[in-house]
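Visitor: Please take a close look at one part of this model for me: the place where the two chains meet. I would like one connected account.

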There are 2 protein chains.
Amino acid sequence: MTKRSPRTKAKALRTPDARVSALGIARDTARDIERGVYQPGARLREQALADKFHCSRAPVREALRLLESQGSVVIEPMRGARIATPQDPTFYEVFLIRRALAGLMAQQAALAKHDEAKIHFVAAARGLPARARAAVDGHAFAKSIRKAIGALIAVSRTPRTVQLVRSLTFGHEAFQDEIVDIKKNRLAQANLWRDMADAAEAGDANAARAAMEGIFDNSRDFVAGRLPTETPKRRPTRRQAE
Amino acid sequence: MTKRSPRTKAKALRTPDARVSALGIARDTARDIERGVYQPGARLREQALADKFHCSRAPVREALRLLESQGSVVIEPMRGARIATPQDPTFYEVFLIRRALAGLMAQQAALAKHDEAKIHFVAAARGLPARARAAVDGHAFAKSIRKAIGALIAVSRTPRTVQLVRSLTFGHEAFQDEIVDIKKNRLAQANLWRDMADAAEAGDANAARAAMEGIFDNSRDFVAGRLPTETPKRRPTRRQAE
DNA sequence: CCCGACAGAATTGTCGACAATATGCACCCC
DNA sequence: GGGGTGCATATTGTCGACAATTCTGTCGGG
């Protein structure tokens, strides 16, 4: 007879755009960055973003701080926010860091108990070899890979690691599509994902981590061959606003 | 010609505390957290910090966002900021991340070529067991550990990783001194450092990483055994400010 | 006696405006 | 003509106030 009346009190939001808060702005802007709407190094003026989202500069500032912590934006005191540039001299080191953190995720996924998320991940990873053979180009297969990554994120339960990897992936994910564009790499990576799924189901953390690191090593062989030619080390333009 | 409006060029700082900006507040508060001024889980009310630093709430909010990105503070929407506690889900995850990144550093140290930095690191690490036996308390030994860490940083040549680990060490290094306060742990860690030095000299990256991860696992056993007695996450809704 | 609902207080989210500082441009001197 | 200097503009940092939401203490009913 206990009348469960949750304290939902008719949430009436007056603002026309109900989702224009700091978090929403950060999410939308992050998506824009991911989609390449802004050039690397482009300035993000607070007033412009405030006008775009029909709000004040305060939530925009919060959103920019959030994006900075995510790594996709760099804020310098009194000089504003800019899109982060992958022109770091530590490009290869970032690759190694991502490798280590991804290995941690695989390890945690293997240690996680068997629940629906784990079953989903194992299924997604095991299906990759078949998709690698069926896919005619790298783009379709990359989509499947991203699905498996999403399942891995869900099962590993390592939000901070995911956040860290995201902040470090900027400028690197461009290689991924190229890597799986070669059928040999595609199949090799798919098989490693399958190995990871087997290890995860068996609870073998070391094997899962080794498989994940193998995926990165497979990519590294590809990336290493084309990295040395990249050292522009100059600032092409000064004004890249908007 | 344009109109001439001569203005005062004198730089006059009106505020008595010239360095009370968001960054300064973040740094000072981070130091306070490190020194244990705030209890883990204590709330950080914006107005209280604003009063403390004689400024408005805006820079305080910026500082809190910064501290959140560093992991020493947890912010929940509409519920304010709290000092991060080991009970927070991300605490152990941060520990694992540090473990993975430290393993990467050891790995890179082993792969580095033999130069003066490597010789220095190997010597520093090999000397730890003797120092562990000679040290009468944990504090002296912790100093030797820090020296070895400095040598490892120099030889591994992973500045980005070091920066990342530094940003994640908040609230964790407090345990380190306690861990080496027990002689058994002290000796175990020293021996693992020695193993790491051996592996580094032999160029065995996997062994070096395993030794480093062993050091963290040794610490984890200590931390895990002491955590349940900390705070039982009940409902300590009393005033925990200041 | 315990559970749910209500009102008050406390705290956070957002806003518009002002002050401080960096950037860009024209001018002046060499 | 080139380089340094100073001002005008644009952008960021900060402030005080209001609105929205959550938390706390109290009251009434079963």
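Guide: Start with how the copies are compared: they are superposed by least squares on the C-alpha atoms of residues with pLDDT of at least 70 in both. This is a predicted model, in which local features need pLDDT of at least 70, side-chain atom pairs count only at pLDDT 80 or more, and totals for chains, interfaces and linings use all residues. Residues are numbered from 1 along each chain as its sequence is written, while chains are lettered from A and ligands numbered from 1 in the order in which they are written.

A turn of 179° and a shift of 1.3 Å along the axis lay chain A on chain B, with an RMSD of 2.9 Å. The two copies are therefore related as by a two-fold rotation axis. In chain A, A:Ser69 has the C-alpha nearest that axis, at 2.4 Å.

Now the contact itself. Two residues are in contact if their C-beta atoms, placed from the backbone, lie within 7 Å. Chain A brings 19 residues and chain B brings 19 residues. The same surface serves both copies, as 95% of the contact residues of chain A recur in chain B.

Next, the elements. Helices (H or I, at least four residues) are DSSP runs, numbered from the N terminus. On the side of chain A that touches chain B, helix H3 (57-70), helix H4 (91-111) and helix H8 (159-169) each supply at least two residues. H4(A) gives the most, with eight residues.
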